[in-house]
Amino acid sequence: MMEQGLLHLYWGDGKGKTTAAMGLALRALGSGKRVVIMQFLKGGQSGEIPLLAQLGAKIFRGKGGQKFVFQMNEAEKAAARAVQSENLTAALAEPADLLILDEAGSAWELDMVDKDLLRRAVLERPAAQECVLTAHKAPQWMLDAADYSTEMKCCRHPYQKGIKARKGIEY
């Protein structure tokens, strides 16, 4: 009998959403599962990415330039949206026991992905495929569809004291 794949949603303003998703990727890889990771709106270096790739995860990430969406003009937004949608299409073409859509909520909220494609990727995925979404603000359809919904709430963060992100810890 084929196992049912469940939908995990890690969301909120607290730290740890991507970290939790990547921890699950590591667990799945260690159990011989096929892992595909799509990171929306992320293009900078992050310490876990080379190691997960080395362990066999298929990773799709990056955006046009390194600007935040609020810094982009309309042409740059259109180009970034196209890259995100192309990356998602490529990620979906890969066989996956675990599909991670990191920052899917932000891509949705900021209109940086083909919304119909993203919704179908989640709601019409293969029955046995486990899926993880991360979001700062999760749209209602993600909250409604999730089998696991974990809200990460920021109670304190070093950034509030002026401490910048540290390599190997925050990225």
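This report looks at helix α1 and at several salt bridges in a predicted model.

## Helix α1 and its two faces

Helix α1 covers residues 17–30, and its 14 residues reach 20 Å from the first C-alpha to the last, which is close to the 20 Å expected at 1.5 Å a residue. The buried residues of this helix are Lys-17, Thr-18, Ala-21, Met-22, Leu-24, Ala-25, Ala-28 and Leu-29. Because these residues cover an arc of only 155° around the axis, they lie on the same side of α1.

The buried residues of α1 pack against β1 (7–11), β2 (35–39), α2 (48–54), β4 (98–102) and β5. The face turned away from that buried side carries the exposed residues Thr-19, Arg-27 and Gly-30. Just after the helix, Gly-32 takes a positive phi of about 80°.

## Salt bridges within a helix

The structure holds seven salt bridges, and two that lie within helices can be described in turn. In helix α3 (residues 74–92), Lys-77 and Glu-74 are three residues apart, so that about one helical turn separates them, and their side chains meet in a salt bridge with an N to O distance of 3.5 Å. Glu-74 counts as exposed, since its relative accessibility is 58%.

In helix α5 (residues 115–123), Asp-116 and Arg-120 are four residues apart, again about one helical turn. The closest N and O atoms of this salt bridge are 2.9 Å apart. Asp-116 is partly exposed, with a relative accessible area of 47%, and Arg-120 also counts as partly exposed, at 36% relative accessibility. As a general point, an α-helix has 3.6 residues a turn, so residues three or four places apart point the same way.

## A salt bridge between separate parts, and a network

Lys-137 forms a salt bridge with Glu-109, and the closest N and O atoms are 3.9 Å apart. Lys-137 lies in the loop between β5 (130–135) and α6 (140–145), whereas Glu-109 belongs to helix α4 (residues 104–109), so the pair ties together parts that are 28 residues apart in sequence. Lys-137 counts as exposed, with a relative accessibility of 57%, while Glu-109 is partly exposed, its relative accessible area being 42%.

Elsewhere, salt bridges link Lys-42, Asp-102 and Glu-103 in a network.

Notes
Residues are numbered from 1 along each chain as its sequence is written. This is a predicted model: local features need pLDDT of at least 70, side-chain atom pairs count only at pLDDT 80 or more; totals for chains, interfaces and linings use all residues. Side-chain values use heavy atoms; hydrogens and water are left out. A salt bridge is a side-chain nitrogen of Lys or Arg within 4 Å of a carboxyl oxygen of Asp or Glu. Buried means under 20% relative accessible area, exposed over 50%, partly exposed in between (1.4 Å probe, protein chains only). The expected span of a helix is 1.5 Å times one less than its number of residues. The arc is that of the directions from the helix axis to the C-beta atoms. Contact means heavy atoms within 4.5 Å.
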